[in-house]
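Please open the model in a viewer and keep the selection panel at hand. The tour below proceeds by selection, from one stop to the next.

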Amino acid sequence: MDAPFHFNANAPAIDQIEIKRFICDNALLLKIQKDSNQMITGDDILNNSKYEIKEKDTVVFSTGWEKRIKEKGNYYISNNPGLTKDAAEYLVQTRVNAVAIDGPNIDIGDNREFTAHKILLSNNILVREIYVIYSNLI
């Protein structure tokens, strides 16, 4: 879970966020298949949602990336799909509560500017990333 503080020292830290924001009253799962470093665009969101995204919703993106966890090296961590700038801006306009993705990063693996992070978190939208550590010991 990324709190706004993650990219802005003057924004709320995780322990300063109302607990009710961590409980999803309404979550929408958007299944948008993407591969290595492919972007989820604003059009992808508009064309793949059966439901209207409303204020305070939590939007969960299922890209299929979690199936790549067993790839050798750091492929899973450094090549994941993520949101484009226009997708993040669209989610800000809809005033969602949180955005989640089935990968280790809301930005694509090679985005070192953290565009989606900055847009979402600076607008007080929580970010949830599924970062899975795979081990043969488990």
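**The nonpolar core**

In this predicted model, begin by selecting F61, L83, L91, V99 and L120, which touch the most other members of the largest nonpolar core, a set of 22 residues. Next, colour the elements that give two or more residues to this core: the strands β1 (27–31), β3 (58–62) and β5 (98–101), together with the helices α3 (85–93) and α4 (115–122). Of these, α4 gives the most, with 4 residues. As background, nonpolar side chains in soluble globular proteins tend to be buried together.

Now centre the view on L120. Residues up to four places away in sequence aside, L120 touches L83, A88, L91, V92, V99, I106, I125 and V127.

**The largest pocket**

Move next to the largest pocket, which holds about 450 Å³ of space. Its lining comprises 17 residues, and R21, K56, R95, V96 and N97 are the closest to the pocket centre. By class, the lining has 7 charged, 5 polar and 5 nonpolar residues.

**A closer view of N97**

Select N97, in the loop between α3 and β5. Is N97 buried or exposed? The residue counts as buried because its relative accessible area is 10%, under the 20% cut-off. Display side chains here to find the polar contact of 2.6 Å that joins N97 and R21. Finally, show the other residues in contact with N97; beyond its neighbours within four places in sequence, these include K56, D57, T58, N124, I125 and L126.

Technical notes:
Residues are numbered from 1 along each chain as its sequence is written. This is a predicted model: local features need pLDDT of at least 70, side-chain atom pairs count only at pLDDT 80 or more; totals for chains, interfaces and linings use all residues. Side-chain values use heavy atoms; hydrogens and water are left out. On a 1 Å grid over the protein atoms alone, a cavity is a set of points where a 1.4 Å probe fits but cannot get out, and a pocket is an open set with protein on both sides within 12 Å along at least five of seven lines; lining residues have an atom within 4 Å of a point. Grid points are joined across faces, edges and corners, and a volume is the space filled by probe spheres set on the points. Ala, Val, Leu, Ile, Met, Phe, Trp, Tyr, Cys and Pro count as nonpolar, Asp, Glu, Lys and Arg as charged, and the others, Gly among them, as polar. A nonpolar core is a set of buried Ala, Val, Leu, Ile, Met, Phe, Trp, Tyr and Cys residues joined through side-chain atoms within 4.5 Å. Buried means under 20% relative accessible area, exposed over 50%, partly exposed in between (1.4 Å probe, protein chains only). Contact means heavy atoms within 4.5 Å. A polar contact is a pair of N or O atoms within 3.5 Å; within protein, one must be able to donate a hydrogen and the other to accept it, and residues adjacent in sequence count only if both atoms are side-chain atoms.
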